[in-house]
Amino acid sequence: MITLTLKEQPSVPLEAEVLSPDVTAQLSTAGIRALPVYLGKRQRRVDDFFEVDGGSSDQITIRGDASRVKWLGRAMTRGRIVVDGNAGMHLGAYMSGGTIEVSGNGSDWVGAEMSGGLIRIGGNAGGQIGAAYRGSSTGMRDGTILIGGSAGLEVGMRMKRGIIAVSGPVRDFAGLQMKGGTIVLGCGAELRTGAWMIRGTIISLGPVPLMPTFSYAATYVPGFLRIYSAYLSSLGITLPFDERRGAYRRYTGDTSVPGKGEILIWAPRGA
Amino acid sequence: MARERRGVEIVDTFAEAFDMRAARVIVTAASDAWARTAATSMTGFATSVIGCKVEAGIEAMLSPDATPDGRPGASVLVFAFNAEGLGTRLVERVGQTVLTCPTTACFDGLPAATDRVPVGSVLRHFGDKLQSSKFLDGRRYWRVPVMEGEFLVQDAFGMQKAIGGGNLLILARDQAAALSAAEAAAAAMRNVPGVILPFPGGIVRAGSKVGAKRYKNMIASTNEAYCPTVRGRVGVESQLPESVNSVLEIVIDGLDRGAIEAAMRVGLDAACQPGVVQISAGNYGGKLGKHHFRLHEL
């Protein structure tokens, strides 16, 4: 176990992609302390900003408000990062395995273009969760992102596989240009949900204003939701599928692309 | 040397079994009854690879907590001679009997198997390009639109080496005693995981030998050595003691040797009933199948 305690909030964002289990597993305490991080354009050492305890482990705990520490767990393939506080932008971007848990808030680009692993944020997150970077054709390729609070714009933009579940409210363009995968909206979303989506599933447990390019298909409980519900239940997320309690209204689209995607909106029985 | 159990002689012989390929299919439905209906339909006309190209049976009925989608289900084992044949038969049977059955879904029951055979990825074409898929935890599921709603089927099913043709022969004084003993044996053997008894009710009255002595083109023909009504005919080398007037066989297919041994063990014990003279087993002198199950070693 490695514990990194932030000495003080950096004055500008600190780029710390070296703080990844793949890197620290090979290094002693001294080696971790000497790892390079970037404060703006200046190269500095990890121990300029963190108290470092432990070494040679793929289990990392970061303590303090790391909301200005970017790229934590970048491209990690294994191990576990626990952030006891907030985390900065690009958390877990490009990761393919392992687990990241943040007790506080995340920021933009959480799990951008990730291809495996699990990211769990207890609080709120920013925009572009699991999204494709600008100019890139494909976002999240697999894995799971769980957000306990709210999320910003373009959640799951161009994602191809994997699951993003946001318990709180989500802003505009959730599932923008989505190619596959599943987004679960615990409290619905704001405008233009599923815009230009080609494939994939957006499940909303709350009301969602739909674009006119989505067509109503049927009200039912898709069989695959039982599998997804079991998977999410193991992660503490509830996805209803009991037909005695309600069903999902299925809308297909976005027909302006044209798309083969779907938006499933939970409709409680009797509501 | 002969051994006895409750007055029944256990013949010092062995059952001869063969390599096969097997898949386990989990069929779920809205109710236990519909799961059983689908599984029964899927395992119909699947008694022997000789005539049916496949052997299949219900391994067990499953409670909702034992199925992937939390609904009542049935575990079906399907056996064929090779991987190609198994794949073809699975697509045929799942497509014709499970896809068509109300409320069902179909899942792979051998997730750890490295050999995979495409099933959902073939059946998806029934959706006429209106199908879609979901990918979760390394597994792809196809959603095929049907009039009732959607048929959910896993993309590929696990396949493993297996053994077919384990057997017991129950030699009895009369038909009633043979049937009673065979029913008891089959009931006991059905509780063993990893095996099926592919014949009707788990019991076969028409055991066969390879080829025929009197017809050139027959693949299999009656096993006259155990047919009481032709005992004494010229050219028939009967294996039946004088007191035996009816014989029934139980054929066992299993995922591995241990499962077949366990099933034969409990079956043999249950079959030792009043009226039964001998428990024997069918073999071809050890020339055809490499798996030998000696009755005295069970």
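In which strand of chain A does Ser204(A) lie? Ser204(A) belongs to strand 14 of chain A, a run that covers residues 201-204. The structure discussed here is a predicted model, with a chain A of 271 residues and a chain B of 298 residues. The points below treat each chain as a whole and then one residue from each, Ser204(A) and Asp108(B).

**Chain A as a whole**

- The secondary structure of chain A consists of 3 helices and 17 strands; its radius of gyration is 19 Å, close to the 18 Å that the globule rule gives for 271 residues, so chain A is as compact as a globular protein of that length.
- Taken along the principal axes, the box filled by the C-alpha atoms of chain A is roughly 60 × 35 × 25 Å.
- Of the 271 residues in chain A, 55% are buried, and the accessible surface of the chain comes to about 10,600 Å², with 48% of that area belonging to carbon and sulfur atoms.
- When contacts in chain A between residues at least 6 apart in sequence are considered, 42% of them join residues at least 24 apart.
- Chain A carries 29 positive and 22 negative charges, and the mean positions of these two sets are 6 Å apart.

**Ser204(A) and its surroundings**

- Ser204(A) has a relative accessibility of 0%, and it therefore counts as buried, the cut-off being under 20%.
- Once neighbours within four places in sequence are left aside, the residues in contact with Ser204(A) are Leu185(A), Gly188(A), Leu264(A), Ile265(A) and Trp266(A).
- The side chain of Ser204(A) also makes a polar contact, reaching the backbone oxygen of Gly206(A) at 2.6 Å.
- Ala151(A) is separated from Ser204(A) by 53 residues in sequence, and the distance between the two in space, C-alpha to C-alpha, is 14 Å.

**Chain B as a whole**

- Chain B contains 6 helices and 17 strands; its radius of gyration is 21 Å, close to the 19 Å that the globule rule gives for 298 residues, so chain B is as compact as a globular protein of that length.
- The C-alpha trace of chain B spans about 65 × 40 × 30 Å along its principal axes.
- Buried residues account for 53% of the 298 residues in chain B, while the accessible surface is about 13,600 Å², of which carbon and sulfur atoms contribute 53%.
- Among the contacts in chain B that link residues at least 6 apart in sequence, 73% join residues at least 24 apart.
- For the 32 positive and 30 negative charges of chain B, the mean positions are 4 Å apart.

**Asp108(B) and its surroundings**

- Asp108(B) lies in strand 6 of chain B, which covers residues 105-108, and because its relative accessibility is 7%, under the 20% cut-off, Asp108(B) counts as buried.
- Two backbone nitrogens are reached by the side chain of Asp108(B), that of Leu110(B) at 2.8 Å and that of Gly158(B) at 2.9 Å.
- Leaving aside neighbours within four places in sequence, Asp108(B) is in contact with Arg24(B), Ile26(B), Arg116(B), Gln154(B), Ala156(B), Phe157(B) and Gly158(B); Gly158(B) thus appears both in this set and as a partner of the Asp108(B) side chain through its backbone nitrogen.

Technical notes. Residues are numbered from 1 along each chain as its sequence is written. Chains are lettered from A and ligands numbered from 1 in the order in which they are written. This is a predicted model: local features need pLDDT of at least 70, side-chain atom pairs count only at pLDDT 80 or more; totals for chains, interfaces and linings use all residues. Side-chain values use heavy atoms; hydrogens and water are left out. Helices (H or I, at least four residues) and strands (E, at least two) are DSSP runs, numbered from the N terminus. The radius of gyration is taken over C-alpha atoms; the globule rule is 2.2 Å times the number of residues to the power 0.38. Buried means under 20% relative accessible area, exposed over 50%, partly exposed in between (1.4 Å probe, protein chains only). Contact means heavy atoms within 4.5 Å. Accessible areas come from the Shrake-Rupley method with a 1.4 Å probe; for residues, only the protein chains shown count as cover. Lys and Arg count as positive and Asp and Glu as negative; His and the chain ends are not counted. The place of a charge is taken as NZ of Lys, CZ of Arg, CG of Asp or CD of Glu. A polar contact is a pair of N or O atoms within 3.5 Å; within protein, one must be able to donate a hydrogen and the other to accept it, and residues adjacent in sequence count only if both atoms are side-chain atoms.
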